[in-house]
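The following exercises ask for a reading of cavities, pockets, cores and single residues. Each task is followed by a worked solution.

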Amino acid sequence: MITLDHVSKTYSTGAPALNDVSLHIDPGEFVFIVGDSGSGKSTLIKLLLRELLPTSGNIEVNGINVVKLKHRQIPMYRRKLGVVFQDFRLLKDRNVYENVAFAQRIVQTPGKEIRRNVPSMLSTVGLAGKYKAKPKQLSGGEQQRVALARALVNNPPILLADEPTGNLDPNNSWEIMKLFEEINETGTTVVVVTHNREIVNAMKKRVIAMNKGVIISDEKEGTYVDEI
């Protein structure tokens, strides 16, 4: 599903962000990626999204060689990924329904299907009654639920989440992670970058720990690993 083969990334400053990283994530896995700031976690996500190219090595996602993608192929590739960010990235001038429907319109889903899919997804994330609200009328937890609904409405096989609970209080953080777990149980591969030690330790999922651009541990039912 996701394979990195001896991937390195060095920025123009000469600073190495990733150094000879190899890993494999199977379909249906739930994986936490942890590490301090500067460990390479965000660079890894950007490589998977094809926002960056590696300096060396190869990346394959869902059977696609990401490194060899032509520029015009990138939008189509990204449509197969659900992505959730720390800062939600919602369209502030559109209501909840339109924010989620936007993801369907991009892939030219027929209007009849949009009218069926969007309410169903909003119900899944517990926001059926908020479909007319604008983002500014929602709490942080509710905004993240909208972002999650938008990421999932096209049924992507992979969900990538970069610090999805970073702006949320503990209660909302747990609610979001429970949703991620439910999504994973339907077969979606879930990869979560996080600093949230409590959640990582409690959920007992696979934990990949990074430090200074390298993987320092990879445990099947792991706990949060501090810098070694």
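**Exercise 1. State how the lining of the second largest cavity divides by class, and place that cavity in the model.**

Solution. By class, this lining holds 8 nonpolar, no polar and no charged residues; Ala, Val, Leu, Ile, Met, Phe, Trp, Tyr, Cys and Pro count as nonpolar, Asp, Glu, Lys and Arg as charged, and the others, Gly among them, as polar. The model is predicted: local features need pLDDT of at least 70 and side-chain atom pairs count only at pLDDT 80 or more, whereas totals for chains, interfaces and linings use all residues. Residues are numbered from 1 along each chain as its sequence is written, and side-chain values use heavy atoms, with hydrogens and water left out.

Next, list the residues: Ile2, Leu4, Leu23, Ile25, Ile33, Leu44, Leu48 and Val191 form the lining of the second largest cavity. Strand 1 (2-10), strand 2 (16-25) and helix 1 (41-48) are the elements that give two or more residues to it. Helices (H or I, at least four residues) and strands (E, at least two) are DSSP runs numbered from the N terminus.

Finally, the volume of the second largest cavity is about 30 Å³, and the structure holds 2 cavities of 30 Å³ or more. A cavity is a set of points on a 1 Å grid over the protein atoms alone where a 1.4 Å probe fits but cannot get out; a pocket is an open set with protein on both sides within 12 Å along at least five of seven lines; lining residues have an atom within 4 Å of a point. Grid points are joined across faces, edges and corners, and a volume is the space filled by probe spheres set on the points.

**Exercise 2. Describe the two largest pockets by volume, lining and contributing elements.**

Solution. Begin with the largest pocket, whose volume is about 540 Å³. It is lined by 19 residues, of which Arg78, Leu81, Val83, Ile106 and Arg150 are the closest to its centre. Helix 2 (74-78), strand 6 (81-85), helix 3 and helix 5 each supply at least two lining residues, and strand 6 gives the most, with 4. By class, the lining of the largest pocket has 12 nonpolar, 2 polar and 5 charged residues.

Then turn to the second largest pocket, of about 190 Å³. Its lining includes Met121, Val125, Leu152, Glu182 and Thr188. Helix 6 (170-185) and helix 4 each supply at least two residues, with the largest share, 3 residues, from helix 6. Here the classes are 6 nonpolar, 4 polar and 1 charged.

**Exercise 3. Identify the residues at the centre of the contacts in the largest nonpolar core.**

Solution. A nonpolar core is a set of buried Ala, Val, Leu, Ile, Met, Phe, Trp, Tyr and Cys residues joined through side-chain atoms within 4.5 Å. In the largest one, of 42 residues, Phe30, Phe32, Leu148, Leu159, Met177, Phe180 and Val192 touch the most other members. Helix 5 (residues 140-152) gives the most to this core, with 6 residues. Leaving out residues up to four places away in sequence, Leu148 touches Val84, Val125, Leu159, Leu179, Phe180 and Ile183; contact means heavy atoms within 4.5 Å. Another core, of 30 residues, lies apart from it and includes Leu18, Leu49, Val61 and Phe85.

**Exercise 4. Which residues of helix 3 are buried, and what lies at its ends?**

Solution. In helix 3 (residues 96-106), the buried residues are Val96, Tyr97, Asn99, Val100, Ala101, Ala103 and Gln104. Buried means under 20% relative accessible area, exposed over 50%, and partly exposed in between (1.4 Å probe, protein chains only). Their cover includes helix 4 (111-124) and helix 5. At the N-terminal end, Asn95 is the cap, with a side-chain oxygen 3.2 Å from the backbone nitrogen of Tyr97. After the helix comes Gln108, whose phi is positive, near 60°.

**Exercise 5. Why is Gln144 classed as buried, and why is Thr223 classed as partly exposed?**

Solution. Gln144, in helix 5, counts as buried because its relative accessible area is 0%. Beyond four places in sequence, Gln144 touches Val84, Phe85, Gln86, Phe88, Pro164, Leu168 and Ile176.

Thr223 lies in the segment after strand 10 and counts as partly exposed because its relative accessibility is 35%. Beyond four places in sequence, Thr223 contacts Val200, Asn201, Lys204 and Val207.

Methods:
A polar contact is a pair of N or O atoms within 3.5 Å; within protein, one must be able to donate a hydrogen and the other to accept it, and residues adjacent in sequence count only if both atoms are side-chain atoms.
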